[in-house]
Amino acid sequence: MSMIALRDVTKTYQVSKEVAVTAVRGVSLNVERGEFVIITGRSGSGKTTLLNLAAGLVKPTSGEVRLADVNLWSLSDREQSLLRNQKIGFVFQFPSLLPSLTVLENVALPTMFATNHKNRDAYERAARLLEVVGLSDKLSAYPRQLSAGQQQRVVVARALISQPQVLLADEPTSNLDEQTEQEIMNLFRDIHGQTGITIILVTHTSQLVAYGTRAIAMANGAILDA
Amino acid sequence: MKIAAALVIVLALVIGLVPQFTDCQSQGRALTLQNGSTVPMKCHWTAVAEIALAVPLFALGAVMAFSRRKESKRIIAGLGALLGLFVILLPTALIGVCASSMMLCNSVMKPTLILSGILVIAISAGTLITSERQVEQFA
Amino acid sequence: MNLGQFAWSNIKGSAFRSWVVFLCAMIVAGFSLSTVLIIRGAQDSLRLALDRLGADIIVVPEGAETKVESALLMGKPVKVWMPQENLGKIARVPGVAVASPQLYLSSLSNASCCAVSDMFMVAFDPKTDFTVEPWLKHKLGHELRLGEAVGGSYVFTPEGEENIKLYGYFITLKGNLAPTGTGLDQTMFMTFETAQDIARISKTRAEKPLEIPPNSMSAALVKVQPGADTRSVALDIMQQVPGVTPIESPDMFQTFRQQITGLLRGMLVILSITLLLSLVLIGLIFSMAANERRREIGVLRALGATRGFVFQSILAEAALLAVDGGAVGIGLACLATYLFRDLLMRSLGIPFLFPSLPSLVTLVGGGLVVALGGVTLAAFIPAYRVSRQDPALAMRE
């Protein structure tokens, strides 16, 4: 059973009455448990849309999306949200920490939506994760007091708080300098090595494929290598 | 903080100026003694005494606008609350105003001072609370 | 962290917007409560004044109705007279149980012989009176003696003195009646005998003597017999006693009732406009906030927040601001209305009595409900729309 399975998935956006844009066309993809897949492609190749489809954040125009053998779009909004909360961790390209919460509160935030008692000891777990990513001295800081690299490490910690099975990262290093980019990628590799978590990472930097176990290239909404 | 400071300054002006126009002296009323001479009623002395509170309150508001340190905010809050308390006590317990509800000093001056005093105390309490929550920032 | 704490952190994160919503809630709640307090205070006051008068019908000289109402309600002294013999005629009208005469007098203005200026004085006949006498029997245990008086709640003996000086005559204040919020609170009540004594003494000791026309009275208070129709009795009085106007108790203070109704209408119009503008402003603010936080909300959805959570968190923000702002507005309204009640009475020209604590608690609760309901209603549509947006689209730039 694949961890994530996309079967002939297409996503078309109706930009206006006359104009429709197909971001992903007829993509089929199986990601096995424990894989570290790096998807590369230029801007507009459809890689972010593919990631959002895999996460159930956007509904496919046609095709099926399965996570741990569950058809995402057969679920209600509540069930989907719970699934995302428990099984998927997100690392976004843009600064995604909530500015009004402290670093510790940001990391613990996903536990607020959990209904299976994973919100117990949330702050202790958050503190431990921040230690893993090297930010144990920043618990009561606010995001505006951190550098871009530090913020991204907090996001990684937040992505792991619910002990997800899948980590989805959308261009997590695009706003970072080279050294910080390496630090973040090393962090992903370490987490993958230590926990065996399935990772799908999207990037426009082809040099980063060396960090993964499999590389996929996309162009014009389709996968070039499967 | 600057908004709180502005409010304190406005209240200081109210406390200092309103009584000057609402005491019986300003309405042309005074006590006539047996020898025929007139002396001001006690509401006039309350109005004069309020100036002595309004001036330091005004200065306090000005200092409040630029205070950043936790310790100075605490002191300002304490002083503000004390001044606010005396603003209320002067027309009620310490000196007083005319007893008749028909007099302007009783129907306008006294309630204005009580309300202003309460607001000064409330702003001081708010300043103290926010200062306690403040994480000390060192330059 | 729970929903409330999350909402509170968002409130702190957008200080300016939160303050605007807070101020709107404060103004709406405060103004609503002030309106209700003033109108309710005026109505309660009228009711108490009528109860205090205790009469089913008040008979006054023809054309003097408004002046007498003004005197009783606002404490503005009045001098109206009618022949004393009218009392006998009134008492003989079928259906009349008791008819009691009253004299309406006033102290001098700015005179050294009077401790208070322009105070309304009412003299009554202890043999027939049924308004003050019951209170005297209950509180003092005896009738008023010569030189004694009772006052409304605002009448007092000057500091350092033992008596109140009126027209050079020293009156002993024996007690104060409960407040009514009307001119009755500034009225002094004495017997006919005391009033005549003051008039006699004032000829030599006062700057101007107290003039009481002989064989005259100002008004007659009438109690009808049980089972008798007040309207018929009033009509009979009008027909059988020339030169008088009988005013039935429910029709009493009509001028002021109309004034209160007019005031209520005006205040309701202003309140409606304020409420509408505030709700529109709050709705706009929450729409703006929802728009600015689209990406943040998309992230929340990606992290596992349901549509319901997003909706509830925005409404929770609205509710917190509504309750806080509403509470401050209500507190200020209560304080200001209580402190400035005398000024309110004089500037609006209506009687006013601050409500009792249980009534006040109910009104305060109502005010908070108005604030809460209004603000959350204004935030409802923006909250619903933003909770429905596509998370992926929301996160796009």
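Two residues are taken to be in contact if their C-beta atoms, placed from the backbone, lie within 7 Å. In this predicted model, two pairs of chains are in contact by that criterion, and chains A and C are the pair that shares the most contacts. Chain A and chain B, by contrast, do not touch, and their nearest C-alpha atoms are 10 Å apart.

## Contacts of chain C with chains A and B

The contact between chains A and C takes 24 residues from chain A and 19 residues from chain C. On the side of chain C that touches chain A, the elements giving two or more residues are α1 (3-13), α9 (294-303), α10 (307-339) and α13 (391-395) of chain C. By class, the residues of that side divide into nine nonpolar, five polar and five charged.

The contact between chains C and B takes eleven residues from each of the two chains. On the side of chain C that touches chain B, at least two residues each come from α10 and α11 (341-348) of chain C, and α10(C) gives the most, with three residues. This side of chain C has eight nonpolar, one polar and two charged residues. Helix α10 of chain C is thus named both among the elements that touch chain A and among those that touch chain B.

The table sets out the classes of residue on three sides within this model, the last of them lying inside chain C.

| Side | Nonpolar | Polar | Charged |
|---|---|---|---|
| Chain C, touching chain A | nine residues | five residues | five residues |
| Chain C, touching chain B | eight residues | one residue | two residues |
| Domain 1 of chain C, touching domain 2 of chain C | three residues | three residues | one residue |

## The build of chain C

Chain C holds 13 helices and eleven strands. Its radius of gyration is 30 Å, well over the 21 Å that the globule rule gives for 397 residues, so chain C is more spread out than a compact globule. Taken along the principal axes, the C-alpha atoms of chain C fill a box of roughly 95 × 50 × 35 Å. Of the 397 residues of this chain, 44% count as buried. Among the contacts in chain C between residues at least 6 apart in sequence, 82% join residues at least 24 apart.

The chain is divided into domain 1, which is made of the segments 3-47 and 257-395, and domain 2, which covers 63-242. The centres of these two domains of chain C, taken over C-alpha atoms, are separated by 48 Å. Where the domains meet, seven residues of domain 1 of chain C are in contact with six residues of domain 2 of chain C. The side that belongs to domain 1 divides into three nonpolar, three polar and one charged residue.

## A sheet in chain A and the helix packed on it

In chain A, four strands form an open sheet in the order β2-β1-β4-β5, and the pairing is antiparallel. Strands β2 (20-31) and β5 (70-71) of chain A stand at the edges, each with a single partner strand, so one side of each is left without a neighbour in the sheet. Helix α1 (residues 47-55) of chain A packs on the sheet, where it touches β1 (4-14), β2 and β4 of chain A, and its direction makes about 120° with that of β1(A).

At one edge, strand β4 (residues 62-67) of chain A is joined to β5(A) by two bridges, and the two strands run antiparallel. Within this pairing, R66(A) stands opposite N71(A) in β5(A).

R7(A) lies in strand β1 of chain A. With 16 C-beta neighbours inside 10 Å, R7(A) counts as partly exposed. Leaving aside neighbours within four places in sequence, R7(A) is in contact with S28(A), G63(A) and E64(A). The C-alpha atoms of R7(A) and L51(A), which are 44 residues apart along the chain, are separated by 14 Å.

## Two loop residues with positive phi

Q163(A) is placed in the loop between α5 (148-160) and β7 (166-170) of chain A. The phi of Q163(A) is near 50°, a positive value in a residue other than glycine. With 12 C-beta neighbours inside 10 Å, Q163(A) counts as exposed.

E171(A) is found in the loop between β7 and α6 (178-195) of chain A. Although E171(A) is not a glycine, its phi is positive, at about 45°. E171(A) is partly exposed, with 19 other C-beta atoms within 10 Å.

Methods. Residues numbered from 1 in each chain as written. Chains lettered and ligands numbered in written order. Predicted model: local features only at pLDDT ≥ 70, side-chain atom pairs only at ≥ 80, totals over all residues. Buried ≥ 20, exposed ≤ 12 C-beta atoms within 10 Å, placed from the backbone. Nonpolar A, V, L, I, M, F, W, Y, C, P; charged D, E, K, R; others polar. Pairing = 2+ DSSP bridges. Axes fitted to C-alpha atoms, helices over the stretch in contact; angles between N-to-C directions. Rg over C-alpha atoms; globule rule 2.2 N^0.38 Å. Domains from an automatic or database assignment.
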